[in-house]
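Me: I have just opened this entry and would like a short tour. Could we begin with the ligand and then move outward?

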Amino acid sequence: MTIEIVHVAVGVIKKNNAIFICKRADEQHQGGLWEFPGGKVEAGESVFVALKRELIEEVGLTIHSSSQLMVIEHDYGDKCVKLDVHVVSNFSGEAHGAEGQPSEWVAITELENYDFPEANAEIIEKIVARYA
Ligand SMILES: Nc1nc2c([nH]c(=O)n2[C@H]2C[C@H](O)[C@@H](COP(=O)(O)OP(=O)(O)OP(=O)(O)O)O2)c(=O)[nH]1
Ligand SMILES: [Mg+2]
């Protein structure tokens with residue numbers, strides 16, 4: 001049996017000492033938890049193009065560049081994901097929950113007070129180590 005790994009472009013949107021996060025809808029995989037916005041990389045698409053497309057759709061931002069933070073493979077049991085995590089600080093627009101989802105700018109030092117999917121623990125650890 002081959003296991004499908006879903007490749008996801010994830011954007012850590014950073015402005016000064018804050019990160020923009022969104023809440024996943026209850027009916028989504030890992031629903032009800034906070035996330036860094038992003039979504040699936042489609043066939044033939046680069047990670048940057050996927051990230052750009054997803055961030056316009058989900059948070060109304062146009063990104064101009066991004067820098068890779070890390071790649072994490074995680075098996076949730078019902079789904080395997082490969083999170084391609086990029087820091088985005090060069091963007092235009094005002095971040096908002098463009099799909100009606102709750103969203104906030106959160107200080108990096110406060111991120112640990114929000115519930116994220118399991119795979120995100122490593123991401124938050126790295127953001128705190130690097131930027132807090
Ligand atoms: N966007 C995002 N996804 C995450 C994070 N952490 C984490 O485990 N994931 C998982 C949850 C999902 O299984 C997958 C992302 O899928 P998604 O639902 O955002 O994909 P998508 O935007 O393309 O949406 P759709 O096609 O399902 O409508 O990655 C995170 O911080 N951000
Ligand atoms: Mg998404």
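Me: Which strands each supply at least two residues of the shell around ligand 1?
Reply: Strand S1 (5–15), strand S4 (38–40) and strand S6 (80–92) each do so. Please keep in mind that this is a predicted model.

Me: Which of them gives the most to that shell?
Reply: S4 gives the most, with 3 residues.

Me: And which residues come nearest to ligand 1?
Reply: There are 18 residues around ligand 1, and Glu35, Gly38, Gly39, Lys40 and Pro117 come nearest.

Me: How do the shell residues divide into nonpolar, polar and charged?
Reply: The shell around ligand 1 has 8 nonpolar residues, 6 polar ones and 4 charged ones.

Me: Next, Val41. Where does it lie?
Reply: Val41 is in the loop between S4 and helix H1 (47–59).

Me: Is Val41 buried or exposed, and why?
Reply: Val41 is buried, because 21 other C-beta atoms lie within 10 Å, and the cut-off for a buried residue is 20 or more.

Me: Which residues does it touch, leaving out those up to four places away in sequence?
Reply: With those left out, Val41 touches His7, Val8, Ala9, Val47 and Ala50.

Me: What separates Val41 from Leu51?
Reply: Their C-alpha atoms are 7.9 Å apart, and the two residues are 10 residues apart along the chain.

Me: Let us step back to the whole chain. How many helices and strands are there?
Reply: The protein chain has 2 helices and 7 strands. Along the sequence they follow the pattern β-β-β-β-α-β-β-β-α.

Me: What does the radius of gyration say about the chain?
Reply: The value for the protein chain is 14 Å, which agrees with a compact globule of 132 residues, since such a globule would have a radius of gyration near 14 Å. The C-alpha trace spans about 45 × 30 × 30 Å along its principal axes.

Me: What share of the residues counts as buried?
Reply: Of the 132 residues of the protein chain, 31% count as buried.

Me: And what about contacts between residues at least 6 apart in sequence?
Reply: Of those contacts in the protein chain, 68% join residues at least 24 apart.

Me: Finally, what does UniProt list for residues 3–131?
Reply: The UniProt record, an unreviewed entry, lists "domain: Nudix hydrolase" for residues 3–131. In this model that span is 19% helix and 42% strand, and its end C-alpha atoms lie 35 Å apart.

Key:
Residues are numbered from 1 along each chain as its sequence is written. Chains are lettered from A and ligands numbered from 1 in the order in which they are written. This is a predicted model: local features need pLDDT of at least 70, side-chain atom pairs count only at pLDDT 80 or more; totals for chains, interfaces and linings use all residues. Helices (H or I, at least four residues) and strands (E, at least two) are DSSP runs, numbered from the N terminus. The radius of gyration is taken over C-alpha atoms; the globule rule is 2.2 Å times the number of residues to the power 0.38. A residue is buried if 20 or more other C-beta atoms lie within 10 Å of its own, exposed if 12 or fewer, and partly exposed in between; C-beta atoms are placed from the backbone. Two residues are in contact if their C-beta atoms, placed from the backbone, lie within 7 Å. A residue is near a molecule or strand if its C-beta atom, placed from the backbone, lies within 6 Å of it. Ala, Val, Leu, Ile, Met, Phe, Trp, Tyr, Cys and Pro count as nonpolar, Asp, Glu, Lys and Arg as charged, and the others, Gly among them, as polar. UniProt positions are given in the numbering used here, feature names are shortened, and annotations may be inferred rather than shown by experiment.
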